[in-house]
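Trainee: Could we go through this model together, one question at a time?

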Amino acid sequence: MITITTTDALAAFCTRAKAHDYVTVDTEFLRERTYYSKLCLVQLAVPGDTEEDAVLVDPLAEGLSLDPLYDLFRDTSIVKVFHAARQDLEIFCIEGGVIPEPLFDTQVAAMVCGFGEQAGYETLVRKIARDSVDKSSRFTDWSRRPLTDAQKAYALADVTHLRVIYEHLAAELARSGRTEWVEEELSVLTDPATYRVAPRDAWMRVKTRTQSGKFMAILRELAAFRETYAQERNVPRNRVFKDDAMVELASTKPQSEKDLGRSRLLLREARRGEIAEGILAAVKAGLEVDPKDFPKPDRARDKLQVNPALADLLRVLLKAKAETAGVAQKLIATSADLDLIAAGERDVQALSGWRKKVFGRDALRLVEGRLGLKAEGSDVVVFEL
């Protein structure tokens, strides 16, 4: 097993990789104690069966630069193959300012090819590569050196089996004419905005039942402070204070450290010092927000007049269409999508792109009363009215 620890060795492998049509990529990282993921290992493989065709790259090695890898990622003549790529791409986007292009995600491709709602890597290895994965090293500390042989073998398996899986899925997509479907799905993953969290928008991620303007204004300021603090110090946001404490603070509106001391949910270390000062400043700023500038939660969905019977019929249609197409239902339409369609909304993802061909057109015809459903044995049959 080859472990690359120098920039020159990485550059040499990346130069070799450019002679191939694709390279498979995976990472090992830690995030329990940091805001941003700590990259601990990069696994790379190109087509072939020699030791030199699959390598480990140690980003923790002194003096090693990942620039040659980032240059490879920018080379649009080579497909970069990942499985469940989102977290890997976030690391490369933040650390290197690059998103690999063109991208192929075998999890997305597997959903398009009928392998289920969330096709796990182990499942694809078993069904496509006809092999198994040793999971014993999955939750080890990847930042510790030296890595054990078991860790190295586990990490390499994540990219060697991926070659077989990619070639199988790519061929199946080409055969079925669905390559563009996967490309359409990957547009979110290849958008750098997907990996940026703007502190001013962080409040939108907090679940709360209270919707009063002043409460939401304070919540927005608290969430922005927490996000900024966590990003600048690279600590998990929950180490600053948790969501339930934030909601409590937005309700109680503390004015002093003494008030913070009465909190039931605030961490002890957050009741004094920089965090306490930030909380009190955020509460003060929230209280001073002009009512016309209060944040406005999206309540459009709450006002929808969903016809539950129609939504149920759409669910039956979705199941039938997904089975016929051999595509995961969840990828075609979510439960929320079906409710929106049943309520008369038409700006819905399930009604556009490839989804329109598979499901959307017939969904609209069902809603308009031009299509019927009937059971024939264990099957659902669609018929014209």
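Mentor: A disulfide is a pair of cysteine sulfur atoms within 2.5 Å. The model is predicted, so local features need pLDDT of at least 70 and side-chain atom pairs count only at pLDDT 80 or more, while totals for chains, interfaces and linings use all residues. Residues are numbered from 1 along each chain as its sequence is written, and side-chain values use heavy atoms, with hydrogens and water left out.

Trainee: Which cysteine sulfur is closest to that of C93, and how many disulfides does a search of the whole structure find?

Mentor: The closest cysteine sulfur to that of C93 lies in C14, and because the two are 19 Å apart they are too far for a bond. For the whole structure, the number of disulfides found is zero.

Trainee: Where do the buried residues of helix α5 lie around its axis?

Mentor: Helix α5, a DSSP run (H or I, at least four residues; helices are numbered from the N terminus), spans residues 121-129, and its buried residues (under 20% relative accessible area, 1.4 Å probe, protein chains only) are Y121, L124, V125, I128 and A129. Seen down the axis, their directions to the C-beta atoms fall within an arc of 105 degrees, so these residues line one face of the helix.

Trainee: Which helices do the buried residues of α5 pack against?

Mentor: Contact here means heavy atoms within 4.5 Å. By that criterion, the buried residues of α5 pack against α4 (106-112) and α6 (149-176).

Terms used:
Buried means under 20% relative accessible area, exposed over 50%, partly exposed in between (1.4 Å probe, protein chains only). Helices (H or I, at least four residues) and strands (E, at least two) are DSSP runs, numbered from the N terminus.
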